[in-house]
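Student: I'd like a close look at one part of this protein, with some context around it. Could you walk me through it once the model is up?

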Amino acid sequence: MKFSELDLDEGVMQALEHMHYKECSPVQEKAIPPVLDGDDVIAVAQTGTGKTAAYLLPILSCLNRYRYPSDAINCVIMAPTRELAQQIDQQMQGFSYYVDASSVAVYGGGEGRDFAEQKNGLTRGADVVIATPGRLLSHINLGYVDLSQVAFFVLDEADRMLDMGFYDDIMAIAKLLPHDCQKILYSATMPPKTQKLAEAIMWHPTVVKIAVSKPAEKIHQQACICFEPQKVHMVIRVLKKFFGGKPDGFVKDELLRNPEKRVVVFVSKKLKVKEVLLSLRKKGFQVAAMHSDLDQKEREETINAFKAGRVNVLVATDIVSRGIDITGIQLVINYDMTHDPEDYVHRVGRTARADADGESVTFVSANDRREMRKFAQLEKFLEKRLERIEVPESLGGCNITSCENAPAPEGSQASSSQGTRKRRKGAPSRGRQRTHKPSQQGRQENHGRDSQQ
Ligand code: AMP
């Protein structure tokens, strides 16, 4: 379906033309009409499906078309992380270029000056506030944020926000909204707590579901089953090969500094990030870390260095697996097995964006039967067997091939009975219909977004 077939505002259509957007993505086709109709909407869709445009375009259309108060906050968009909030704000700037709507992004981690700028945007009534829950509540608690005129409330990546413990914060913010405020909830999954939140705040929502897509076909997906102590050596081998060297030889400096080569190594815990980072740095890779303990400035510097090619390898927690649109990543390494297939799709989806090819290598701990079981579930979900990277004999090899012959989790009865298993070299010792009501006041002035940011 073409955007021109939807009832979008002229100003929004002009922006889409400039951005060369022609065809709607499936979530846009399904979710834009009910938002334009004033319905509450639940959309089950993940990052990369065009979900941001799916809610921004109809909201901006309404803001431009109908008369909302020019000095009040008309829309609040909640996002789990500052990175996603920034990204939404960037898209907002593109889509709203020809639209009379200002915006302010409100997230933590910046300097005192940023807080003052956010306060300024909030008190002057930016039309669209894009915020992380904690930071918005901090401003609300200082008493100058008026949400009584909000017409649109969007929860982006709701499941992730709830996983991060934001349920009470979101409910506290939702209580400050007028009862006829239109609610839009985007979530990659709908676990019970997301469902509970939807039921608590929404009114007869229209539900739009976009099936969990499998990773793009052009991603060359591989897996390596190895013992935990072998992992770092295997990652180094994979990286050496990726940078054009021999897996067990040296890689020339000029190859390692190739600004076109970008890899993300995902690890499960931030404590592990440093460990992996140091091992890779020792081998001469241009590495940086990305996790939630970094302050805003550090995160931005890291992302910029990575985008500019000064850093080739980003060792990151899941903070960058969703929502962050960095182009030109050719290889994704899952240092640890992902929690579920959807996380896998998000991580691997960082590569092979647009028309590029991509590669992924997922490491699975042979000495952890739970991980092996998760890996079996992943292959079932993907409906294919991932190509295996074997551990060479020089690293001790690995004879575990499936969860059936993997050791039981540590501490379980089964694991103690298997304590006599012969160890190999390199192996570890253990294994509703609503109308958009016009405001009395209307829009008297064109307050551009520049003054709000
Ligand atoms: P999102 O799922 O919102 O993170 O969007 C993923 C990427 O797709 C972003 O870079 C968008 O700019 C882009 N995008 C979204 N919708 C379209 C569309 N209809 N045509 C082309 N690109 C799109």
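Student: Take helix α3: how many of its 15 residues are buried?

Tutor: Bear in mind that this is a predicted model. In it, 13 of the 15 residues of α3 are buried, so the helix is mostly covered. The helix runs over residues 51–65, and its end C-alpha atoms are 22 Å apart, which agrees with the 21 Å that 15 residues should span at 1.5 Å a residue.

Lys-51 belongs to this helix. You might ask whether a lysine here is buried or exposed. Lys-51 counts as buried because its relative accessible area is 4%, and the cut-off is under 20%. Leaving aside neighbours within four places in sequence, Lys-51 is in contact with Val-27, Ala-45 and Gln-46, and also with Leu-84, Asp-156, Glu-157 and Tyr-186.

Now the ligand. Thr-52, which is in the range of α3, is one of the residues that come nearest to the ligand, along with Tyr-21, Gln-28, Gly-48 and Gly-50, out of 13 around it. By class, that shell has eight polar, three charged and two nonpolar residues. As for polar contacts, an oxygen atom of the ligand sits 2.8 Å from a polar backbone atom of Gly-50, and a ligand oxygen atom lies 2.4 Å from a polar side-chain atom of Tyr-21. Glu-23 takes part through its backbone, where a polar atom is 2.9 Å from a nitrogen atom of the ligand. Taken alone, the ligand exposes 500 Å², and the protein buries 75% of that.

For comparison, look at helix α15, residues 369–382. This one has 14 residues and reaches 20 Å from its first C-alpha to its last, close to the 20 Å expected. Its buried residues are Arg-369, Glu-371, Met-372, Phe-375, Leu-378, Glu-379 and Leu-382. Why might buried positions recur along a helix? An α-helix has 3.6 residues a turn, so residues three or four places apart point the same way. The cover over the buried residues of α15 includes β8, α10, α14, β13 and β14. At the start of the helix, a side-chain oxygen of Asp-368 comes to within 3.0 Å of the backbone nitrogen of Arg-370. After the helix comes Glu-383, with a positive phi near 55 degrees.

Met-337 touches α15 too: its contacts include Glu-371, Lys-374, Phe-375 and Leu-378, besides Thr-362, Phe-363 and Val-364. Met-337 sits in the loop between β12 and α14, and it counts as buried because its relative accessibility is 8%. From Met-337 to Val-364 is 27 residues in sequence, yet 5.5 Å in space, C-alpha to C-alpha.

Helix α10, named above as part of the cover on α15, holds Ile-236. At 9% relative accessibility, Ile-236 counts as buried. Setting aside residues up to four places away in sequence, it touches Ser-279, Leu-280, Lys-283 and Phe-285. Of these, Leu-280 is 44 residues from Ile-236 in sequence and 6.9 Å away in space, C-alpha to C-alpha.

Stepping back, the protein chain has 16 helices and 14 strands. Of its 453 residues, 57% count as buried. The chain exposes about 20600 Å², and carbon and sulfur atoms supply 49% of that.

Note on methods
Residues are numbered from 1 along each chain as its sequence is written. This is a predicted model: local features need pLDDT of at least 70, side-chain atom pairs count only at pLDDT 80 or more; totals for chains, interfaces and linings use all residues. Side-chain values use heavy atoms; hydrogens and water are left out. A residue is near a molecule or strand if one of its heavy atoms lies within 4 Å of it. A polar contact is a pair of N or O atoms within 3.5 Å; within protein, one must be able to donate a hydrogen and the other to accept it, and residues adjacent in sequence count only if both atoms are side-chain atoms. Accessible areas come from the Shrake-Rupley method with a 1.4 Å probe; for residues, only the protein chains shown count as cover. Ala, Val, Leu, Ile, Met, Phe, Trp, Tyr, Cys and Pro count as nonpolar, Asp, Glu, Lys and Arg as charged, and the others, Gly among them, as polar. Helices (H or I, at least four residues) and strands (E, at least two) are DSSP runs, numbered from the N terminus. The expected span of a helix is 1.5 Å times one less than its number of residues. Buried means under 20% relative accessible area, exposed over 50%, partly exposed in between (1.4 Å probe, protein chains only). Contact means heavy atoms within 4.5 Å.
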